[in-house]
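Thanks for coming. I have one structure to show today, and I will go through it from the whole chain down to single residues.

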Amino acid sequence: MGDVGHTRDEVRRARYAVAAVFAVHGAVTGSFATRVPWIQEHAALSAGQLGFALAFTAFGASCAMPLAGRISHRFGSRTALRGLMTLWTLSLVLPSLAPNLYTLCLAMFAYGATAGMADVAMNALGVEVERLLGKSIMSGLHGMWSAGALIGSAAGTLAAHLGSDARLHFVSAAAVLTLFGLLACGWVLDLQPAEDEEPPPRFALPPRSALLIGAVGFCAVFAEGASLDWSAVFLRDRLDTSAGLAAASTTGFMLTMAVARIAGDAVVNRFGAVRTVRAGGVLAGLGGLLIVVAGHPAVAMAGFALMGLGIAVVVPLCFAAAGHAGPNPSQAIAGVATITYTSGLIAPSLIGGVAQATSLVVSFGVVTVLACGLAVFAGVLRTAGHAGRAQVSPQAAAVPDPRP
């Protein structure tokens with residue numbers, strides 16, 4: 001994208017606008033997650049059929065994410081994000097309309113494709129704002145995503161409790177979130193390609209740098225997916241807790257992740273990306289160890305909370321590192337996102353397979369080993385953290401720090 005000067009007010013607005021976009025994106029995900037049981041019942045699916053249909057979300061995202069850079073190049077960053085976010089918020093309605101397995105697979109493919117393209121576009125813009133500011137903001141942006149997901153899930157839980165038809169719920173949520181998304185997109189940076197800039201390929205293999213960074217993201221998202229989907233099952237089956245206490249472990253994990261992401265930028269700006277991720281890997285490894293040896297629910301819940309705290313900032317820093325690592329941020333971010341989406345897809349099923357063959361304790365032993373890998377391989381994120389300071393253009397260097 002062409003590099004032009006931006007005023008202090010433009011950068012300040014862009015930062016808050018991108019944060020709002022992240023929150024809207026998360027709210028769609030949170031809204032959908034709460035109504036999966038309704039969707040399963042409506043389409044008359046078994047648990048295996050539902051899992052098969054949900055896998056099309058990651059499949060659609062992986063196929064479509066490489067297109068985001070091309071779309072941004074063609075239309076400019078603001079128009080592209082506005083269109084992709086609108087498609088994403090409106091796609092929330094599709095799964096509730098599916099009457100059977102086949103139509104649900106198609107709906108989930110479209111849902112995942114629009115989610116992935118909007119994800120890449122908003123992360124690319126977040127990296128650009130971070131570069132202009134010369135300080136880490138990506139963790140906070142992803143914290144806003146988590147906050148949006150919590151808000152969406154809270155509204156969805158209320159709708160489910162009231163017995164609301166998911167079609168009515170999703171139409172209402174999509175209308176509100178589309179409006180908020182359009183308003184937020186109006187204030188993001190409008191980056192246009194330079195006249196001599198070649199458009200990115202429609203489909204391309206991720207650059208090598210993205211593969212290494214994506215491997216770190218893979219470990220974090222694997223631990224995240226395993227904890228989100230299996231923490232309640234672990235407490236219920238392994239420690240014989242009530243359903244409410246088991247569910248509380250998942251909520252605690254999500255809350256620690258959200259809080260850590262919102263506060264994470266201050267830590268990254270103080271200590272840098274590498275040391276932050278290494279410390280996070282130690283915390284996540286300790287949390288995994290507590291889960292494995294837990295003989296009491298409080299110990300396991302503390303372990304899941306530590307796991308969430310340790311892995312919270314890893315994925316935001318992976319996106320930041322990918323965006324700073326080469327001349328084509330969208331392509332690199334798409335590559336990292338594809339790897340992390342794949343990890344999120346295989347983690348729950350792999351944990352279940354290992355548990356079936358051995359036990360859930362052994363499954364979370366695998367998670368613990370991967371979490372410890374964050375501390376070992378954190379060095380590949382050296383381009384994140386303070387990288388923005390080294391890459392600020394002469395025009396952007398004149399922009400004062402927009403912090404209040």
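I will start with the overall numbers, then take the core, one helix and one buried residue.

What you see is a predicted model, so please keep that in mind throughout. The chain has 404 residues, and 52% of them count as buried. Its secondary structure comes to 18 helices and 0 strands. Now the contacts between residues at least 6 apart in sequence: 87% of these join residues at least 24 apart. As for the outside, the chain exposes about 16700 Å², and carbon and sulfur atoms supply 68% of that area.

Next, the core. The largest nonpolar core contains 110 residues. Which helix gives the largest share of this core? That is helix α7, residues 101–133, with 18 residues. Within the core, L81 and F234 have the most contacts. Let us look at L81. If we leave out its neighbours within four places in sequence, L81 is in contact with V21, with A118, A121, M122 and L125, and with C185 and V188.

Now to helix α12, which covers residues 273–293. How far apart are its end C-alpha atoms? They are 30 Å apart, and this agrees with expectation, because 21 residues at 1.5 Å a residue should span 30 Å. The buried residues of α12 include A273, V274, T276 and V277. Further along, G280, G281, A284, G285, G287, G288 and I291 are buried too.

In general, an α-helix has 3.6 residues a turn, so residues three or four places apart point the same way. With that in mind, look at L286, L289 and V293, which make a nonpolar surface patch of about 280 Å². L289 has its place in α12. Is L289 buried or exposed, or in between? Its relative accessibility is 48%, so L289 counts as partly exposed; the range for that class runs from 20% to 50%.

Last, V314. This residue is found in helix α14, residues 314–325. V314 counts as buried because its relative accessibility is 0%. Which residues does V314 touch, not counting those up to four places away in sequence? They are V216, A220, V277 and L374. One of these, V277, is also among the buried residues of α12, so to speak a link back to the previous helix. The C-alpha atoms of V314 and G217 are separated by 6.5 Å, although the two residues are 97 apart along the chain.

That is the end of the tour.

Key:
Residues numbered from 1 in each chain as written. Predicted model: local features only at pLDDT ≥ 70, side-chain atom pairs only at ≥ 80, totals over all residues. Heavy atoms only, no water. Core = buried A, V, L, I, M, F, W, Y, C linked by side-chain atoms within 4.5 Å. Buried < 20%, exposed > 50% of the residue type's maximum accessible area, 1.4 Å probe, protein only. Helix = DSSP H or I, 4+ residues; strand = E, 2+ residues; numbered from the N terminus. Contact = heavy atoms within 4.5 Å. Areas by Shrake-Rupley, 256 points an atom, 1.4 Å probe, with all protein chains shown as cover. Expected span 1.5 Å × (residues − 1). Patch = residues over 30% accessible without salt bridge, like charges linked within 9 Å, V, L, I, M, F, W, Y side chains within 5 Å. Salt bridge = Lys/Arg side-chain N within 4 Å of Asp/Glu carboxyl O.
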